There are 2 protein chains.
Amino acid sequence: MNFIFLDRPSPLSLTCIMGNRGKHKTACPPKISEKKEQLKAFLRRKGFKSTRQRDIIVTEFLKTGEHITAEDLYRKINRKNREIGFTTVYRTLKLLTKSGFATERLFADNLTRYEPLSAEDHHDHLICLSCGSIMEFENLKMERLQEKIAGEFGFCIITHKMEFYGYCSECRDKCPRHDD
Amino acid sequence: MNFIFLDRPSPLSLTCIMGNRGKHKTACPPKISEKKEQLKAFLRRKGFKSTRQRDIIVTEFLKTGEHITAEDLYRKINRKNREIGFTTVYRTLKLLTKSGFATERLFADNLTRYEPLSAEDHHDHLICLSCGSIMEFENLKMERLQEKIAGEFGFCIITHKMEFYGYCSECRDKCPRHDD
DNA sequence: AGGAAAATGAAATTCATTTTCAATTAGAAT
DNA sequence: ATTCTAATTGAAAATGAATTTCATTTTCCT
């Protein structure tokens with residue numbers, strides 16, 4: 001087994017991630033076609049080929065937006081395109097990841113999820129243990145504090161992961177707190 | 001290439017936890033026998049049984065301290081006790097987890113690691129992508145900030161996960177930063 | 001001791017992820 | 001346009017960690 005890690009994402013232009021109950025995150029319309037152009041350029045540069053399958057997969061991935069598993073994306077695509085196989089979806093997500101257009105995230109449910117990546121995107125996650133919704137947040141103070149802590153250890157951060165598991169405002173009543 | 005492939009450190013080096021420069025964490029001698037007493041009491045209360053295997057596994061686990069995979073703990077134990085099977089080690093770690101004596105953690109290498117849990121333990125991790133060492137830190141400011149952010153979302157935190165991936169002070173020179 | 005319930009451990013199973021391999025396709029070179 | 005080569009595809013197989021099964025053994029209550 002190998003441990004794959006991305007270098008800093010290549011400096012691509014913005015993206016945007018859908019809102020999360022409209023509280024902290026600004027929703028801006030994703031420029032899918034622009035991203036696809038960039039990807040195409042990247043592929044050319046690297047000697048990879050543009051294929052119909054990749055185009056469909058990438059489009060669907062960017063449209064979907066976030067936190068999707070290879071399996072789920074495959075199912076989604078497979079409804080319209082019966083001939084595209086899981087392996088290709090999987091490999092495309094890996095390719096996007098390697099080329100800096102997406103990130104892989106492993107949440108506590110042990111499923112790898114992918115999401116489109118943009119350069120400034122440094123958000124963290126709130127994951128509801130009841131309804132499973134994943135909300136995002138970004139907090140500058142947090143980022144600074146992280147840098148500061150890392151600095152105290154002489155540690156050079158490449159990436160980080162921060163997740164809160166608990167109950168969202170809509171599921172608060174289901175929060176057990178004391179069970180056995 | 002703008003990404004890095006790291007070989008996963010051998011199981012042994014992975015479990016080696018470096019000190020944390022004495023800045024954030026207080027090292028206190030674990031009261032193994034005391035913990036074992038508590039566990040025994042717990043088992044009795046729940047109608048579970050105390051067995052030789054559990055005793056050995058728990059002792060070894062507590063002695064080891066932290067961040068160990070079921071596989072690694074099994075190998076460690078198996079050296080001296082050829083008759084204890086992997087399954088039992090695995091199940092014991094699960095039991096410890098369910099009963100609150102341990103926690104499971106899933107880091108980005110997709111291996112479940114276990115560590116003894118004590119009530120006050122709320123630490124986070126710095127994981128070196130080069131040598132695989134896992135350092136711990138605790139930061140009160142961070143905890144407060146986390147609560148604050150969660151509060152803003154009306155989110156009730158049950159647990160959280162915070163990990164920095166990067167290069168420790170001893171591996172800084174191996175940090176690629178700019179390669180292609 | 002006797003007996004019921006729990007524990008054990010080897011082997012089998014599960015399931016997401018990753019790789020293999022033969023067939024197909026993209027795109028550069030001719 | 002045709003040819004050629006390397007990349008891509010997708011079904012199937014492999015991998016590997018986590019989990020379950022099941023026959024046997026052990027604990028511990030009476």
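Ala, Val, Leu, Ile, Met, Phe, Trp, Tyr, Cys and Pro are counted as nonpolar, Asp, Glu, Lys and Arg as charged, and the others, Gly among them, as polar. The views below show a predicted model, in which local features need pLDDT of at least 70 and side-chain atom pairs count only at pLDDT 80 or more, while totals for chains, interfaces and linings use all residues. Residues are numbered from 1 along each chain as its sequence is written, chains are lettered from A and ligands numbered from 1 in the order in which they are written, and side-chain values use heavy atoms, with hydrogens and water left out.

**View 1. The protein surface near DNA strand C.** A residue is near a strand if one of its heavy atoms lies within 4 Å of it. DNA strand C is surrounded by 22 residues, of which A:Tyr90, B:Thr51, B:Arg54, B:Thr88 and B:Arg91 are the closest. Of the strand C atoms that come within 4 Å of the protein, 70% belong to sugar and phosphate. By class, the surface near this strand comprises 5 nonpolar, 9 polar and 8 charged residues.

**View 2. Polar contacts and contributing helices at DNA strand C.** A polar contact is a pair of N or O atoms within 3.5 Å; within protein, one must be able to donate a hydrogen and the other to accept it, and residues adjacent in sequence count only if both atoms are side-chain atoms. In the side chain of A:Tyr90, an N or O atom is 2.3 Å from a phosphate oxygen of DNA strand C. A:Lys49 places a polar side-chain atom 3.0 Å from a base nitrogen of strand C, whereas B:Gly85 has a backbone N or O atom 3.4 Å from a phosphate oxygen of strand C. The elements giving two or more residues to the surface near strand C are α4 of chain A together with α3 (52-64) and α5 of chain B. With 5 residues, α4(A) gives the most to this surface. Helices (H or I, at least four residues) and strands (E, at least two) are DSSP runs, numbered from the N terminus.

**View 3. The protein surface near DNA strand D.** Among the 21 residues around DNA strand D, those that come nearest are A:Thr51, A:Arg54, A:Thr88, A:Arg91 and B:Tyr90. Sugar and phosphate make up 69% of the strand D atoms that come within 4 Å of the protein. A phosphate oxygen of strand D lies 2.4 Å from a side-chain N or O atom of A:Thr51; for B:Tyr90 the corresponding distance is 2.4 Å, and for B:Lys94 it is 3.1 Å. The helix that gives the most to the surface near strand D is α5(B), with 5 residues.

**View 4. A:Asn110 and B:Asn110 in their loops.** Most residues other than glycine have a negative phi. A:Asn110, although not a glycine, has a positive phi of about 70 degrees, and B:Asn110 likewise has a positive phi of about 70 degrees. A:Asn110 is found in the loop between β3 (102-106) and β4 (112-116) of chain A, and B:Asn110 lies in the loop between β3 (102-106) and β4 (112-116) of chain B. A:Asn110 is partly exposed, with a relative accessible area of 40%, and B:Asn110 is partly exposed at 35%. Buried means under 20% relative accessible area, exposed over 50%, and partly exposed in between (1.4 Å probe, protein chains only).
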